Amino acid sequence: MRYAALITVFLLIQPTNAAVTPEIDPRASLSVVQQWIYNYRAKPDYVHVPAAVRVLFHAQSFKEPENSGIYLGFIAGAIGSNPAKAEQLVNSFFPIRPEDEWVIVRAIAYSGLPDWRNLLRRIAPRMPGRKVMIDSYLAGALPTLTDIPLENTKPGMLDKLRGVFTKNPFAKDDKKLQMTLTFAGNQDLLDTLWGYYFATGSHLPIQRIMSMLPWSKSRDTVDKLTVGSMARYTLASYAVRDAGLREYLRSELARQPAPIKAPLGEVIEAADTVQLSAVRKDALAAVEELKAKGSDARRNLDFWGQVGVGAVALGCVSAAALGQVAVGIPCVIGGSASQGLLSFWEKQQQ
């Protein structure tokens, strides 16, 4: 799984001046646009958004959708920030290459506009090749950014056991491609929230990012640990450079529940003292621990497996009931998902 953190990292290390938002020449380089996007919320420059977006398209920034969350979120936020001029702004993006039209469809759906569906209907004739995607959003088959759940709802123990004992063990197991969007399973959505924040300065995406912080303490799945660690690190990194964000996080500390309060306190302390390396090292240690020992659920199963033959049978039933969370982590952690996280931290040290 590739992670869009490379874009985030570039934005993090850019020397910025929040009081200055340079104008955008349509022929500007991608690096100029990246710095402009980061500074945008301090001094919104709505008139130059079309030029900035054209640079993004020209630079093929959306060639790999999983690596373009920052830009998608920024466009969505720009569209939603001025409802009266939203349609005019969207029309200014055209003409667009057919392979990039999905960006406009999703940005409108993610914009948060109360009337986003009608805007999408009016724009639809300009993108006939994206009819299936457009119809899916209009019908609610694809979720808006605010409707994407943090994670899939987990079935209860009785539901799990019922599935184990009612399933035909000799039947062919045709696994369906998992298409459900969740923040726990799609790391690029974290970047999308940051892009939306850059465009609007709204604290709604920050609230969503804070809700992922407990995952930085998770030892259940590599996806949740990765996203939670990224949420904690990016909050601390941006808060170092953004006094307003730092003050907002501090104001939220007292009202947050305990699972969020503990990692949020770490974020604030790291930002106040500019000790980001501690956050990075903790995340690396958590990954190494998960690689070495597996998930908490897997460790429990290993214990039962050592008790005796009878307990092994019980362990097998438990494994089947718990599914891949219990038995799949040691294989998954060795793959590309862990490499994405490690690559992110390595980039931070350069």
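In this predicted model, the loop that joins helix 9 (157-166) to helix 10 (188-200) is home to Ala184. With a relative accessibility of 8%, Ala184 counts as buried, because the cut-off for that label is under 20%. Its surroundings can be listed residue by residue: leaving aside residues up to four places away in sequence, Ala184 touches Leu150, Glu151, Trp215, Asp223, Lys224 and Val227. Asn152 offers a further point of reference, as its C-alpha atom lies 8.3 Å from that of Ala184, although 32 residues separate the two along the chain.

Two of the residues touched by Ala184, Asp223 and Lys224, fall within helix 12, which spans residues 222-241. Helix 12 packs against helix 13 (residues 243-252) at an angle of about 125 degrees, and their axes are 5 Å apart. The pair is therefore classed as oblique. On the side of helix 12, the contact is made by Leu235, Tyr238, Ala239, Val240 and Arg241, while helix 13 contributes Ala243, Leu245, Arg246 and Leu249. Sorted by type, these residues comprise 7 nonpolar, no polar and 2 charged.

Leu249 also leads into the interior of the model. The largest nonpolar core contains 83 residues, and Leu249 joins Ile79, Trp194 and Ile206 as those with the most contacts inside it. Not counting residues up to four places away in sequence, Leu249 touches Ile206, Met210, Leu235, Ala239, Leu264, Val267 and Ile268. A second core, separate from this one, has 5 residues, among them Val222, Leu225, Ala286 and Leu290. In soluble globular proteins, nonpolar side chains tend to be buried together.

A second helix pair can be followed closer to the start of the numbering. Helix 2 (residues 30-39) and helix 3 (residues 49-58) have axes 9 Å apart and pack at an angle of about 135 degrees. This angle makes helix 2 oblique to helix 3, and the crossing of the two is left-handed. Leu30, Val33, Trp36 and Ile37 of helix 2 meet Val49, Ala52, Val55 and Leu56 of helix 3 in this contact. Here the tally is 8 nonpolar residues, with no polar and no charged ones.

Helix 8 (residues 131-139) provides another buried stretch to explore, with Met133, Ile134, Ser136, Tyr137 and Leu138 buried. The partners of these buried residues are helix 6 (101-110) and helix 7 (116-123), against which they pack. After helix 8 comes Gly140, which has a positive phi near 85 degrees.

How values were computed:
Residues are numbered from 1 along each chain as its sequence is written. This is a predicted model: local features need pLDDT of at least 70, side-chain atom pairs count only at pLDDT 80 or more; totals for chains, interfaces and linings use all residues. Side-chain values use heavy atoms; hydrogens and water are left out. Axes are lines fitted to C-alpha atoms, for helices over the stretch in contact, and angles run from 0 to 180 degrees between N-to-C directions. Helices (H or I, at least four residues) and strands (E, at least two) are DSSP runs, numbered from the N terminus. Angles under 35 degrees count as roughly parallel, over 145 as roughly antiparallel, 65 to 115 as roughly perpendicular and the rest as oblique. A crossing is left-handed if the near helix is turned anticlockwise from the far one by less than a right angle, and right-handed if clockwise. Contact means heavy atoms within 4.5 Å. Ala, Val, Leu, Ile, Met, Phe, Trp, Tyr, Cys and Pro count as nonpolar, Asp, Glu, Lys and Arg as charged, and the others, Gly among them, as polar. A nonpolar core is a set of buried Ala, Val, Leu, Ile, Met, Phe, Trp, Tyr and Cys residues joined through side-chain atoms within 4.5 Å. Buried means under 20% relative accessible area, exposed over 50%, partly exposed in between (1.4 Å probe, protein chains only).
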